[in-house]
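User: I am new to this structure and would like to go through it by question and answer. Please keep the answers short.

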Amino acid sequence: MCGRVTIQTPALAIAREFALTGIRSALERPRYNLAPTQLMPVVINDGERMLDAYRWGLIPSWAKEASIGNKLINARGETVAEKPSFRSALKRRRCLALVDGWYEWKQSTKPKTPYLFRRKDGLPMAFAGLWEEWTAPDTGELIRTCTLITTGPNHLMAPIHDRMPVILSREAQELWLRPEPQEASVLQPLLVPNEDEPLEAWEVGRVVNSPMNDVVACVERVASQSTLLV
């Protein structure tokens, strides 16, 4: 799964990097340890290519309670077209989640060891995501939410964990953001481990284990640890 990310790139720089037309909403500060239920930078497939910020944890429009979003922070790429929580969004409501990196914990160590994964050049990347709008039945508040799609590991991730987010190439991003409904047969080939993106990873301190710790120390490399390269 992917349950923690970092976004330090300013909104204007993100907009330039992804050739966006403007900014509807953006994070107010760098996020070193962004967790589910918090706002995630996204671009939705409404044809306008605007940067926005949606709550992480998908709440389907038919849900009775917002708490379901806590369980829907990720969608498995292999089954996303089949699950009632995701299949309509896959067809009609897709988004890019724009982040600088993500954390994963090595399962074979005790305690589990956290690693930061990012592009070698430090630029932000686009994860495949889905979005929804949900109206709270008690207050009428409209809440916009998102989830990240995951896939199996590439060769960099494999020693650490058996899942990773789907990272979309520039060409794949264009297809993913088409506003027209798309069939799963067209989209499913995109939901695979990315072996082309120049990624790197390093061990970070256990300060990142708690989502309460949103500080620069979360992204800092543990002394004496070797960087993992693609």
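User: How far apart are the closest N and O atoms in the salt bridge of R24 with D46?
Analyst: The model is a predicted one. R24 sits in the loop between β2 and β3, and D46 in the loop between β4 and β5. The two are 22 residues apart, and the pair links distant parts of the chain. Their closest N and O atoms are separated by 2.7 Å.

User: Is R24 buried or partly exposed?
Analyst: Buried requires a relative accessible area under 20%, and exposed requires over 50%. R24 has a relative accessible area of 37%. Because that value falls between the two limits, R24 is partly exposed.

User: Which residue forms a salt bridge with R24 from a position 24 residues apart?
Analyst: The partner lies in the loop between β4 and β5. Its relative accessibility is 44%, so it counts as partly exposed. The closest N and O atoms of this pair are 2.7 Å apart. The residue is E48.

User: Which residues are linked with R24 in a network of salt bridges?
Analyst: The structure holds 13 salt bridges. R24 forms one with D46, and E48 forms one with R24. The network that includes R24 also contains D46, E48 and D52.

User: How many residues apart in sequence are the parts tied together by E78 and R163?
Analyst: The side chains of E78 and R163 meet in a salt bridge, at 2.8 Å from N to O. E78 counts as partly exposed at 41% relative accessibility, whereas R163 counts as buried at 7%. E78 lies in the loop between β6 and α2 and R163 in the loop between β11 and β12, so the pair ties together parts whose separation in sequence is 85 residues.

User: How many of the six residues of strand β7 are buried?
Analyst: Strand β7 covers residues 94–99. R94, L96 and L98 point one way from the strand, while C95, A97 and V99 point the other way. Residues on both sides are buried. The count for β7 is six of six.

User: Which residue in β10 is the bridge partner of A97?
Analyst: On one hand, β7 is joined to the antiparallel strand β4 by three bridges, and I44 stands opposite C95 there. On the other, β7 pairs with β10 in the antiparallel sense over six bridges. In β10, the partner of A97 is F127.

User: Which strand gives the largest share of the largest nonpolar core?
Analyst: This core has 57 residues, and those touching the most other members are V5, M40, L98, W102, F127 and W176. The contacts of F127 include V5 and W102. The largest share of the core is six residues, and these come from β10.

User: How many residues are in the other core, which lies apart from the largest one?
Analyst: Among its members are Y32, Y103, W202 and V219. T6 touches Y32, Y103 and V219. The size of this other core is nine residues.

User: With which side chain does the side chain of T6 make a polar contact?
Analyst: T6 lies in strand β1, residues 5–7. T6 is buried, with a relative accessible area of 1%. Its side chain makes a polar contact at 3.1 Å with the side chain of Q8.

User: What distance separates the C-alpha atoms of G122 and L199?
Analyst: G122 is found in the loop between β9 and β10, and counts as partly exposed at 31% relative accessibility. G122 and L199 are 77 residues apart along the chain. Their C-alpha atoms are separated by 9.2 Å.

Note on methods: Residues numbered from 1 in each chain as written. Predicted model: local features only at pLDDT ≥ 70, side-chain atom pairs only at ≥ 80, totals over all residues. Heavy atoms only, no water. Helix = DSSP H or I, 4+ residues; strand = E, 2+ residues; numbered from the N terminus. Buried < 20%, exposed > 50% of the residue type's maximum accessible area, 1.4 Å probe, protein only. Polar contact = N/O pair within 3.5 Å; in protein donor to acceptor, adjacent residues only side chain to side chain. Contact = heavy atoms within 4.5 Å. Pairing = 2+ DSSP bridges. Core = buried A, V, L, I, M, F, W, Y, C linked by side-chain atoms within 4.5 Å. Salt bridge = Lys/Arg side-chain N within 4 Å of Asp/Glu carboxyl O. Lists of a residue's contacts leave out its neighbours within four places in sequence.
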